[in-house]
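Work through the exercises below with the model open. Try each task before reading its solution.

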Amino acid sequence: MAVGTATISRPVRERASRGLWRDAGRRLLRNGPAIVGLVCILIFVVGALLAPVLSSYDPSVGKLVDRMKPPSPAHLMGTDLLGRDEFARVLYGARLSLQLGTISVVFGLFFGIVIGAAAGGLGGKVDALLMRIVDVLLAIPGILLAIGIVAWLGRGQIQIMLAVGVSYTPIFARLLRGSLLALREADFVLAGRSIGASRLRLLVRHMLPNALTPLIVQATLALATAIIDVAGLGFLGLGPGDPRVAEWGEMLTDSARFLQSAPFLIFFPAAAIVISAIGFNLVGDGLREALDPRLRR
Amino acid sequence: MLKYILRRLIGAIPVLIGLSIILFLFVRLLPGDPAIAILGQHATPALILQVHQSLGLDLPIYVQYLNYVGGLLQGDFGASFINGRPVLEDFLLRFPATIELTVAALIFAVGLGIPLGRLAARHPNGWLDGIVTVISLFGISVPIFVLGYTMVFIFAVQLHWLPATNQIDARLQLPLRTNFVVIDAILAGRPDALVDALKHLVLPAVALGSIPFAIITRITRASVLDVTNEDYVRTARAKGLTERRVDSRHIMRNAWLPVTTIIGLEVGGLLGGAVITETVFSWNGVGSWVVDAIQNHDYFVVQSSILIFALIFLVVNLVVDIGYAFLNPRIRYA
């Protein structure tokens, strides 16, 4: 049969949705501030990965004759009290700070998802008990909780990641539980229940994937605060405590005494913390807008 | 309303019990022997025995817990292992300085955050909104210690406009009665001391208040924008009300609700942030005391100060929730 072509006006072309994440990714890449954020993060990721290529200095070894030199072509960001190259320390510090921040948030997400899923999925007494535990953790201001845990476990990288992770757990758990509670009465969950899907299957296969979106946005924003919190612990003398590795917060504490004589020693690690935090905040905000375009005004 | 308050008070009891258990275990479950963790590897057996006795480690764990809670209820929060002074006494001595700092930070955050948020919402996506958005982005991205040092470098080291450390110039010899330096200066009728105390407050308060300021600005902007698009606001405008009346009676009255909640939640952040701010500015409050205690392994001070901080946070949140219920009848009757 021949198809008539002349009589039908062409419909308005609308790009078909290619799934939540693809659409969100496209919207994210069209969001100016989010792109700036991505660039901020990329600078440090690339810097951290290529640290040995970008700087020929060892971040833990310095020459005392070169101590406290201001920025120069030989030492782009100057040298610290022990004559170590500040640029190399900021680059290698990016490795540690990004790693500590990211894994802290992953820990927080893991504990938060386990607690939130159990509470929101199972309900009843389990929910009541878990939420009381979350209430207890929420009653302690986040950084104070992290300080308490590091004071308890002792200094070290794992301890810091656990401490910061645990301080984020109640937020993630609450958020996930809230989303799951809202989903419990959703049509597709009722449909699943009516055809006899088990509670666990409903939770893992149907409810969790639909409840993860706000959690991912929150986790991206938490990356910014985690980097600040890790640096804050370092600043309070609760950092990794290993003189061989550079950590931005500890670098700040070590140079605080020289604010008057060598302000550049504070400026560069401080700028690194701020730029990476701005990056994650911008990407987090962009992701939130991309996943929920109604938010955009 | 009374029923609501009562319900909230009863709801706080399990949280308090949970907190007391966690903090009780904090010292008891220190890795290895708690006494050695407290005293260090080179402790003498006599000292170790003394710690064991004061902790009651030879008693069954539930008896230890009941003794601990019994002590708390009588205001006994334990004593410092470094100087033997009761924790509560030292806490109360330093707490006024922390309150002064947090209140000043809150005044800065609310006093600047709400008007800026409203201003930004009035011209969404305009240049003013852009500037406010960038300021609040920096507010949440710049750590307290970075902002603190930057301000010290500019305003104290370079310009000599404001003092960088302590609460008051010691040369003024202000007699302390309440330990609230600002109040003491007023009580003593010393305008010179009052001005000096306020000058000392500016930098730490701005550093501590920067994060709540940014969050309050963002929430106010979002909340005002939300309400502005509501039908009842359009109706109010359509029936010819003045813009001022629409703003005060219809927009702000509804926009306050999320802002109030956030202000309450930020108090917890302020208490936590005080720990770092006080360290930067050598502020003689509870925060710097906790940091010293951690560095000296004075676990009783750490344990009790976290407990007291959490208690204060719970009380503040309760007050905020009651205020919220007062503002929003839907909560009261839910």
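Chain A follows the pattern α-α-α-α-α-α-α-α-α-α-α along its sequence. This is a predicted model, where local features need pLDDT of at least 70, side-chain atom pairs count only at pLDDT 80 or more, and totals for chains, interfaces and linings use all residues. Residues are numbered from 1 along each chain as its sequence is written, while chains are lettered from A and ligands numbered from 1 in the order in which they are written.

**Exercise 1. Describe the fold of chain A and its overall spread.**

Step 1. Count elements. Chain A has eleven helices and zero strands. Both are DSSP runs numbered from the N terminus: helices are H or I with at least four residues, strands are E with at least two.

Step 2. Test the spread. The radius of gyration of chain A is 24 Å, well over the 19 Å from the globule rule for 297 residues, so the chain is more spread out than a compact globule. The radius is taken over C-alpha atoms, and the rule is 2.2 Å times the number of residues to the power 0.38.

Step 3. Add the extents. The C-alpha trace of chain A spans about 85 × 65 × 30 Å along its principal axes.

Step 4. Check burial. Of the 297 residues of chain A, 49% count as buried. Buried takes 20 or more other C-beta atoms within 10 Å of a residue's own, exposed 12 or fewer, and partly exposed lies in between, with C-beta atoms placed from the backbone.

**Exercise 2. Characterise helix α6 (residues 142–153) of chain A.**

Step 1. Take its length. The twelve residues of α6(A) reach 17 Å from first C-alpha to last, close to the 16 Å expected at 1.5 Å a residue. The expected span is 1.5 Å times one less than the number of residues.

Step 2. Look at its cover. Eleven of the twelve residues of α6(A) are buried. Among them are Ile143(A), Leu145(A) and Trp152(A).

Step 3. Find its place in the core. Ala146(A), Ile147(A), Val150(A), Ile227(A) and Ile273(A) touch the most other members of the largest nonpolar core, which has 176 residues. Helix α9 (residues 199–235) of chain A gives the most to this core, 17 residues. A nonpolar core is a set of buried Ala, Val, Leu, Ile, Met, Phe, Trp, Tyr and Cys residues joined through C-beta atoms within 7 Å.

Step 4. Read past the end. Gly154(A), just after α6(A), has a positive phi of about 95°.

**Exercise 3. Place Tyr68(B): which helix holds this residue, and is Tyr68(B) buried or exposed?**

Step 1. Tyr68(B) sits in helix α4 (residues 61–73) of chain B.

Step 2. Count neighbours. Tyr68(B) has 22 other C-beta atoms within 10 Å, so this residue is buried.

Step 3. Compare sequence and space. Ser20(B) is 48 residues from Tyr68(B) in sequence, and their C-alpha atoms are 8.7 Å apart.

Step 4. Follow the helix out. Gly75(B), after α4(B), has a positive phi near 80°.

**Exercise 4. Analyse the side of chain B that touches chain A.**

Step 1. Count residues. In chain B, 38 residues are in contact with 36 residues of chain A. Contact puts two C-beta atoms, placed from the backbone, within 7 Å.

Step 2. Assign elements. α11(B) gives the largest share of this side, seven residues.

Step 3. Sort by class. This side of chain B has 30 nonpolar, eight polar and no charged residues. Ala, Val, Leu, Ile, Met, Phe, Trp, Tyr, Cys and Pro count as nonpolar, Asp, Glu, Lys and Arg as charged, and the others, Gly among them, as polar.

Step 4. Check the scores. The model has ipTM 0.83 and pTM 0.85.
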